[in-house]
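Trainee: Hey, got a minute to go through a structure with me? I'd like to know where to start.
Mentor: Sure, pull it up and we'll take it piece by piece.

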Amino acid sequence: MKRTRGFSLLEILAALVLLSLVLLGVYSGIRTATRIVRSGDVAIERVDQVRSAQQFLRRELAQAVTIAFDRNDNGDGIVFSGGEREIRFVAPLPGYLGAMGAQLQTWKLVDDDNDDRMRLEASFALLPPDGSEPKPIGEPEVLVDGIHKGSFAFRGFDKDGNPIDWQSAWDDGRRTPSLVRIDLDLDGGVVWPTLDAPLRVDPTATVGPVSLTRGLRGPGFVR
């Protein structure tokens with residue numbers, strides 16, 4: 001009888017090496033594909049975040065109402081406050097969130113604690129009928145994060161009704177601007193389209209005495 005020749009140790013080792021190389025190539029391909037899928041998911045989420053934030057910001061500015069949330073040194077009602085990194089105004093929230101009526105909204109560019117980025121936050125407060133201090137509702141909501149730099153700008157009319165150029169601050173809180181610009185520089189290769197949002201209310205109107213107990217149709221509300 002003839003003896004069947006088996007594989008030598010060297011042949012087995014060579015086969016194992018080849019198998020390891022094949023498995024390494026397969027694993028590398030799987031890792032690359034997984035990384036591409038994950039980066040694609042992150043990019044999609046980022047784009048959705050930007051789109052949702054822009055829709056919210058534009059909608060709320062369009063629904064701004066001239067209800068005073070503070071008073072200046074002369075006792076005049078303040079209906080809009082705007083600076084390079086913060087905006088305050090009154091508007092109803094969409095859907096069931098607006099069941100409590102118009103709320104004081106504060107949009108602010110806040111520095112992140114862990115890096116040199118910023119985030120855009122929105123906080124809300126109820127306006128008590130008795131005219132007392134607004135009562136905050138919950139914690140601020142992050143609308144957009146990962147911001148390298150950003151700013152607000154305002155355009156409207158002066159007290160004589162003449163149009164003015166873009167301003168980094170809105171000084172006359174008794175009236176609203178006609179346009180608000182929100183300009184952000186985001187990380188992750190995502191572009192923030194410059195947002196120039198109009199306000200629905202008459203920008204030349206100034207607020208008079210306001211009774212919050214009479215709702216949005218009371219004095220000071222301009223359609």
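Trainee: Where does pLDDT stay under 50?
Mentor: Over residues 203–223, and for that stretch the model has 44 contacts beyond four places in sequence. pLDDT is the predictor's confidence in each residue, from 0 to 100, and contact means heavy atoms within 4.5 Å. This is a predicted model, so local features need pLDDT of at least 70 and side-chain atom pairs count only at pLDDT 80 or more, while totals for chains, interfaces and linings use all residues. Residues are numbered from 1 along each chain as its sequence is written, and side-chain values use heavy atoms, with hydrogens and water left out.

Trainee: Ok, and what does the chain average?
Mentor: A pLDDT of 80, with 79% of the residues scoring at least 70.

Trainee: Which elements have the lowest and highest mean pLDDT?
Mentor: Helix α1 (residues 9–62) is lowest at 79, and strand β4 (residues 86–91) is highest at 95. Helices (H or I, at least four residues) and strands (E, at least two) are DSSP runs, numbered from the N terminus.

Trainee: New topic: how many salt bridges are there?
Mentor: The structure holds 13. A salt bridge here is a side-chain nitrogen of Lys or Arg within 4 Å of a carboxyl oxygen of Asp or Glu.

Trainee: What does Arg181 pair with?
Mentor: Asp196, with the closest N and O atoms 2.7 Å apart. That pair links distant parts of the chain, since Arg181 sits in strand β8 (residues 179–186) and Asp196 in strand β9 (residues 195–198), 15 residues apart.

Trainee: Is Arg181 buried or exposed?
Mentor: In between: Arg181 counts as partly exposed at 26% relative accessibility, and Asp196 does too at 29%. Buried means under 20% relative accessible area, exposed over 50%, and partly exposed in between (1.4 Å probe, protein chains only).

Trainee: Which residues do shared salt-bridge partners join into one network?
Mentor: Arg46, Asp116, Arg117, Asp145 and Asp187. Within it, Asp116 and Arg117 have their closest N and O atoms 2.6 Å apart.

Trainee: And the inside? Which residues have the most contacts in the largest nonpolar core?
Mentor: Leu57, Phe80, Trp107, Leu120, Ile182 and Trp192, in a core of 33 residues. Such a core is a set of buried Ala, Val, Leu, Ile, Met, Phe, Trp, Tyr and Cys residues joined through side-chain atoms within 4.5 Å.

Trainee: What does Leu57 touch?
Mentor: Not counting residues up to four places away in sequence, Leu57 touches Trp107, Leu120, Leu143, Ile182, Trp192 and Leu195. There's also a second, separate core of nine residues, including Val65, Ile78, Val90 and Leu127.
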